[in-house]
Amino acid sequence: GTNYDSGNSVQQTTDGGYIICGWTYSFGNVNGDVYLIKTDGNGVEQWSQTFSGSDEQWGNTVQQTTGGGYVIIGGTESFGTGNNQDVYLIKTDANGNATSTFNIPINPNRKLQKTVDILGKETKPKTNTPLIEIYDDGTVEKRLIIE
């Protein structure tokens, strides 16, 4: 596109092509939309879809379902609690048309209880090292701080 666009996840599909998800400022409502692109095995676009809201949303990863559709997981500031980054799940048919969407609110008042490494040992955050943050409401987030 002519603006900022990003592919965050790619997977080969059962037909030998590829499904790519990310976000776009070039297409859709151009205020940060989930972007889903289907290509053939040579990378030639077969179709694309955007999923818009009143504010930003993005796709982090995509998975093909056994039914031939796709499931996208990302974030939204448009739906749910609004102005907070809620988890956003989109299920599509084989042509990328949304069949259902869900937003899972994240409690903005939660407090970080501890940070652990991938083995569960409490640690302090370090660059380029995976870590898990555990919050007082029972939620967890995986992080990787890149310098």
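Mentor: Let's start with the labels: a strand here is a DSSP run of E, at least two residues, and strands are numbered from the N terminus. Keep in mind that this is a predicted model.

Trainee: Okay. How many helices and strands are in the chain?

Mentor: Zero helices and 11 strands. Reading along the sequence gives β-β-β-β-β-β-β-β-β-β-β. The C-alpha trace spans about 45 × 30 × 30 Å along its principal axes.

Trainee: Where does Pro-125 lie, then?

Mentor: Look for the loop between β9 (112–116) and β10 (130–135); Pro-125 is in there.

Trainee: And is Pro-125 buried, exposed or partly exposed?

Mentor: The cut-offs are under 20% relative accessible area for buried and over 50% for exposed. Pro-125 has 46% relative accessibility, so it counts as partly exposed. Leaving out residues up to four places away in sequence, Pro-125 touches Thr-115, Leu-131 and Ile-145. Its C-alpha is 19 Å from that of Arg-110, and the two residues are 15 apart along the chain.

Trainee: What about Asn-128: where is it, and what is its phi near?

Mentor: Asn-128 is also in the loop between β9 and β10. Its phi is near 60 degrees, a positive value in a residue other than glycine. Asn-128 counts as exposed because its relative accessibility is 52%.

Trainee: Let's go inside. Which residues make up the largest nonpolar core?

Mentor: For a core, you look for buried nonpolar residues joined through side-chain atoms within 4.5 Å. Here that gives 11 residues: Ile-19, Cys-21, Val-34, Leu-36, Trp-47, Phe-51, Val-62, Tyr-70, Ile-72, Tyr-88 and Ile-90. At least two residues of this core come from each of β2 (18–24), β3 (33–39), β4 (45–51), β6 (70–76) and β7 (86–92).

Trainee: Take Ile-19 as a case. What does it touch, not counting residues up to four places away in sequence?

Mentor: Ser-9, Val-10, Gln-11, Thr-13, Leu-36, Ile-37, Lys-38, Trp-47, Val-62 and Tyr-70. Among them are core members such as Leu-36, Trp-47, Val-62 and Tyr-70.

Trainee: Gln-11 is on that list. Which side chain does the side chain of Gln-11 join in a polar contact?

Mentor: That of Gln-63, at 3.3 Å. A polar atom of the Gln-11 side chain also lies 2.9 Å from the backbone nitrogen of Gln-64. Gln-11 itself sits in strand β1 (residues 5–12). With residues up to four places away set aside, Gln-11 touches Gly-17, Tyr-18, Ile-19, Val-62, Gln-63 and Gln-64.

Trainee: Now a polar residue in strand β2, Thr-24. Is it buried or exposed?

Mentor: Buried, because its relative accessibility is 0%. Follow the Thr-24 side chain: one polar contact goes to the side chain of Asp-5 at 2.4 Å, and the backbone nitrogen of Phe-27 is reached at 3.2 Å. Beyond four places in sequence, Thr-24 touches Tyr-4, Asp-5, Gly-32, Asp-33, Tyr-35 and Thr-50.

Trainee: Zooming out, what percentage of the 147 residues is buried?

Mentor: 31%. The accessible surface of the chain comes to about 8800 Å², with 49% of that belonging to carbon and sulfur atoms. Of the contacts with a separation of 6 or more, 26% link residues 24 or more positions apart.

Trainee: And how many positive and negative side chains are there?

Mentor: 10 positive and 17 negative, and the centres of the two sets lie 12 Å apart.

Note on methods: Residues numbered from 1 in each chain as written. Predicted model: local features only at pLDDT ≥ 70, side-chain atom pairs only at ≥ 80, totals over all residues. Heavy atoms only, no water. Buried < 20%, exposed > 50% of the residue type's maximum accessible area, 1.4 Å probe, protein only. Helix = DSSP H or I, 4+ residues; strand = E, 2+ residues; numbered from the N terminus. Contact = heavy atoms within 4.5 Å. Areas by Shrake-Rupley, 256 points an atom, 1.4 Å probe, with all protein chains shown as cover. Lys, Arg positive; Asp, Glu negative; His and termini not counted. Charge placed at Lys NZ, Arg CZ, Asp CG, Glu CD. Polar contact = N/O pair within 3.5 Å; in protein donor to acceptor, adjacent residues only side chain to side chain.
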